[in-house]
Amino acid sequence: MPIAFVALTGCAALVIEMLRPQKNNNLIVGASLAGLFLSLVMLLMQVGSIPFDTAAEMVRQDRFGTCMQIAIVIAAALSISFSEGYLREKRISHGEFYPLILWSAVGGMIMSSTTNLLVIFLGLEILSVALYVMAGLSRNEEKSEESALKYFLLGAFASGFLLYGIAFIYGGTGGLSLDGITYTLNRGSADSQTLVRFGVALILIGFAFKASLVPFHQWTPDVYQGAPVNVTAFMATGAKIAAFAAMWRLLENTGAISYITVPAISFLAALTMTVGNVLALRQNDVKRILGYSSIANAGYLMVAMAAHIKAPTKGEDTIIWYVLSYTFMTAGTFAILSLATRGGREGTKLDDLKGLYKRSPFVALALLVFMASMIGLPFTSGFYGKLMIFQDAQSQGMTWLAVFLAVNSIISLAYYLSIARAALADDEDATSERIAPLNWGVFGTTVVCLVGVVGGFVFIQPILNLLGSTMK
């Protein structure tokens with residue numbers, strides 16, 4: 001029902017846009033947020049339910065999938081809530097954006113709630129096709145068209161890997177369910193096990209493209225830079241969450257070959273977080289910095305994945321908490337960055353943020369909080385997120401990976417502080433020229449994200465209890 005409701009809300013948004021051409025999109029925004037809110041309520045009501053499979057075992061309803069869907073719905077809602085003011089300043093106020101992002105969220109929700117490989121592929125394509133269009137929404141800008149083309153070509157390349165992997169899995173297990181992987185790896189013939197191992201490797205490569213894991217990350221900073229800010233916000237949150245949810249489903253069925261997958265995932269995690277953080281130091285474009293930051297955060301999440309493969313009882317709460325925290329601090333940052341768009345010109349350089357404190361002290365200070373959360377400083381939800389990942393790695397004997405996480409968090413301090421320093425800089429000339437007036441969409445999004453980041457630190461245990469955790 002939550003997935004169907006979001007899909008129907010997208011249809012309703014499209015009908016509203018058709019009936020109100022060339023007018024403001026306030027009604028579409030209201031309808032979209034209302035639909036997402038009702039879907040969120042439904043999901044929260046399902047968190048404590050007993051896990052079950054339905055629809056010919058193609059849909060799995062469990063705590064992990066429900067929490068991932070909650071994070072995707074929140075990501076879509078936050079991206080929508082600041083979009084109208086930004087799109088009007090950028091002069092691309094197309095109402096089609098809203099149904100597209102809703103349907104993209106539907107694809108991510110499908111990926112999170114199935115163990116059937118073809119349904120995962122279906123969800124991935126629904127998620128991706130809408131994103132390809134949204135990435136090129138600013139049709140008068142060459143960089144937007146370029147980002148859409150790059151994303152499409154590399155996305156199609158990744159889908160090819162995924163389909164080849166599915167074919168190998170089908171050849172080895174005789175079915176399309178991920179549960180068959182576990183049975184084949186434990187009891188299948190040597191030939192079947194070989195096919196499954198090849199299939200798992202190819203599917204992981206396909207997901208690695210979507211999750212921006214090194215060395216499959218090259219598209220990320222370019223696409224983030226060229227796409228509109230609100231689209232980039234959803235790419236960095238909702239799309240990434242969906243990729244990790246599907247990857248989690250795959251990896252939890254590979255315990256029999258953990259001697260292969262754990263070293264591979266650990267190596268990918270160390271490489272991803274290091275490359276992401278080091279390359280971010282060289283950037284002066286905020287969207288590119290956040291692109292490399294998202295790569296580094298993907299590396300952090302892979303540490304929790306590795307711990308989960310070694311001990312299936314580990315990692316679920318960590319992944320759930322980190323993606324929720326990451327969603328709030330990332331969406332809030334992009335919402336504030338949208339204020340650097342004025343009169344059709346989008347400012348994404350560090351210098352374009354100068355004067356933000358003079359113009360809007362509240363959002364400048366909020367940006368400082370979001371940067372602190374991304375670093376992992378106390379009094380923010382990001383602190384608990386990184387602490388939980390660190391503890392998971394250490395408890396499973398992966399101390400070297402925990403050290404990599406700590407060192408990379410220190411490296412990230414430099415470029416996160418550069419963003420905060422630019423926003424707090426006193427630049428009288430920039431105040432009136434570069435920063436758009438604070439609108440209700442950005443203000444509301446910032447407030448909600450602040451509550452999520454700060455409230456997540458204060459009320460971590462009640463929130464985890466609400467999400468069905470038994471961790472104390």
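The following exercises, each with a worked solution, concern a predicted model of a single chain.

**Exercise 1. Overall form**

Determine how the radius of gyration of the chain compares with the value that the globule rule gives for 472 residues.

Solution. Begin with the secondary structure, which comes to 21 helices and 4 strands. The radius of gyration of the chain is 21 Å, close to the 23 Å of the globule rule, so the chain is as compact as a globular protein of that length. Next, consider the extent along the principal axes, where the C-alpha atoms fill a box of roughly 70 × 50 × 40 Å. Finally, turn to burial and contacts: 59% of the 472 residues count as buried, and of the contacts with a separation of 6 or more, 80% are between residues 24 or more positions apart.

**Exercise 2. Salt bridges between distant parts**

Establish which elements are tied together by the salt bridge of Arg63 and Glu316, and how many residues apart the two parts are in sequence.

Solution. Side chains of opposite charge can pair when their charged atoms come close. In the pair of Arg63 and Glu316, the closest N and O atoms are 2.8 Å apart. Arg63 lies in helix α3 (residues 63–81) and Glu316 in helix α14 (residues 316–337), so this salt bridge ties together parts that are 253 residues apart in sequence. As for exposure, Arg63 has a relative accessibility of 14% and, because buried means under 20%, counts as buried, whereas Glu316, at 25%, is partly exposed.

A second case is the salt bridge between the side chains of Arg60 and Asp179, with an N to O distance of 2.8 Å. Here Arg60 belongs to strand β2 (residues 59–61) and Asp179 to helix α8 (residues 179–187), 119 residues apart. Arg60 is buried, with a relative accessible area of 16%, while Asp179 is partly exposed at 33%.

**Exercise 3. A pair within one helix**

Work out why Glu146 and Lys150 are separated by about one helical turn.

Solution. Both residues are in helix α7 (residues 142–173), and because they are 4 residues apart there, about one helical turn separates them. The two form a salt bridge whose closest N and O atoms are 3.0 Å apart. Glu146 is partly exposed at 39%, and Lys150 is partly exposed at 28%. To complete the picture, follow the network of salt bridges, which links Glu146 and Lys150 with Asp222 and Arg288.

**Exercise 4. A nonpolar surface patch**

Identify the helix that supplies the largest share of the nonpolar patch.

Solution. The patch, of about 590 Å², is made by Phe362, Leu438, Trp440, Phe443, Val447 and Val451. Its largest share, 4 residues, comes from helix α20 (residues 440–458). Val451 is found in helix α20 and, at 56% relative accessibility, counts as exposed.

Notes. Residues numbered from 1 in each chain as written. Heavy atoms only, no water. Patch = residues over 30% accessible without salt bridge, like charges linked within 9 Å, V, L, I, M, F, W, Y side chains within 5 Å. Areas by Shrake-Rupley, 256 points an atom, 1.4 Å probe, with all protein chains shown as cover. Salt bridge = Lys/Arg side-chain N within 4 Å of Asp/Glu carboxyl O. Buried < 20%, exposed > 50% of the residue type's maximum accessible area, 1.4 Å probe, protein only. Rg over C-alpha atoms; globule rule 2.2 N^0.38 Å. Contact = heavy atoms within 4.5 Å.
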